[in-house]
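Trainee: I want to test the vocabulary used for this chain. Please tie each label to its criterion.

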Amino acid sequence: MSGYAETIERLMGELGRLPGIGARTAERLAFHLLKASDEEAFALADAIRDVKTRIHPCETCFNLTEDEQCGICADPQRDKSVICVVEQPKDLLALEATGSYRGVYHVLMGRIAPLDNVEAEDLTVEALEARVRAGLLPAELDDLRPALSPEDAWRMREEMERTFEPVEPVEPKDNTKC
Ligand SMILES: [Zn+2]
């Protein structure tokens, strides 16, 4: 018990649940907000509310967007036959920043990690498999490699290999049944 009023305790509790924020930092942030102007503090509250109510995954690639389709999927100039699989939206942004890639993306929203109870069904793998079966080809990342940081390039390559390796080839037999 710190002896603070309940509302302050609650704010510190919520801030303390954020990654990398310990009890001391939560206390410091709470008092920063108490001292801040109403405008500044409410701007933070509004930004959190807006991001939670307006942002959702693109219905095609799972990139984050305010619309049904993200700007990349909706762009008629993008090559819709080539797909690059990335782990997180930030990886997509890293590749976009290179300006060298003209295909589309698929965001897995995480990585398969059985030890952390993250399985393929927790990610967007099923939707990806459907897109690959529909004919999308993996992007050639080698051309983009020099423009990416070594860490981003390595992670993207690993994700592409992991994802495309287990996808079974299209079997026309299944389609002729009906
Ligand atoms: Zn999209």
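**Labels and their criteria**

Mentor: Start with one pair: V86 has V107 in β4 as its bridge partner. This is a predicted model, where local features need pLDDT of at least 70, side-chain atom pairs count only at pLDDT 80 or more, and totals for chains, interfaces and linings use all residues. Residues are numbered from 1 along each chain as its sequence is written.

Trainee: What makes β3 and β4 a pair?

Mentor: Two strands pair if DSSP finds at least two bridges between them. β3 and β4 have five bridges, in the parallel sense. The strands themselves are DSSP runs of E, at least two residues, and helices are runs of H or I, at least four residues, both numbered from the N terminus.

Trainee: How do you know that β3 and β5 pair?

Mentor: Two bridges join β3 to β5, residues 137-138, and the strands run parallel. The criterion asks for at least two bridges. I83 stands opposite P138 in β5.

Trainee: Why is the unit of β3, α5 and β4 called right-handed?

Mentor: The label depends on the crossover: with the strands pointing away from the viewer, the path from the first strand over the helix to the second runs clockwise. β3, α5 and β4 make a β-α-β unit of this right-handed kind.

Trainee: Why is F62 called buried?

Mentor: A residue is buried if 20 or more other C-beta atoms lie within 10 Å of its own, exposed if 12 or fewer, and partly exposed in between, with C-beta atoms placed from the backbone. F62 has 23 such neighbours, so F62 counts as buried. F62 sits in the loop between β1 (56-57) and β2 (64-65). Its phi is positive, near 75 degrees, although F62 is not a glycine.

Trainee: Why is M109 called partly exposed?

Mentor: M109 has 17 C-beta neighbours inside 10 Å, so M109 counts as partly exposed. M109 lies in the loop between β4 (103-107) and α6. The phi of M109 is also positive, near 65 degrees, in a residue other than glycine.

Trainee: And why do A127 and E96 count as partly exposed?

Mentor: A127 has 17 other C-beta atoms within 10 Å, so A127 is partly exposed. E96 has 14, so E96 is partly exposed too. A127 belongs to α6, residues 125-133, and E96 to α5. E96 and I72 are 24 residues apart in sequence, with 9.7 Å between their C-alpha atoms.

Trainee: How do you know that the buried residues of α6, V125, L128 and V132, are on the same side?

Mentor: V125, L128 and V132 are buried. They cover an arc of only 55 degrees around the axis, so they are on the same side of α6. The arc is taken from the directions from the helix axis to the C-beta atoms. E126 and A130, on the other side of α6, are exposed.

Trainee: What makes a set of residues a nonpolar core?

Mentor: The members are buried Ala, Val, Leu, Ile, Met, Phe, Trp, Tyr and Cys residues, joined through C-beta atoms within 7 Å. The largest such core has 23 residues, and those with the most contacts inside it include C61, V86 and V107. β3 (79-86), α5 (89-98), β4 and α6 each supply at least two residues of this core. β3 gives the largest share, four residues.

Trainee: Which residues are in contact with C61, leaving aside its neighbours within four places in sequence?

Mentor: Contact requires C-beta atoms, placed from the backbone, to lie within 7 Å. By that criterion C61 is in contact with C70, I72, C73, V104, Y105, H106 and V107.

Conventions
Two residues are in contact if their C-beta atoms, placed from the backbone, lie within 7 Å.
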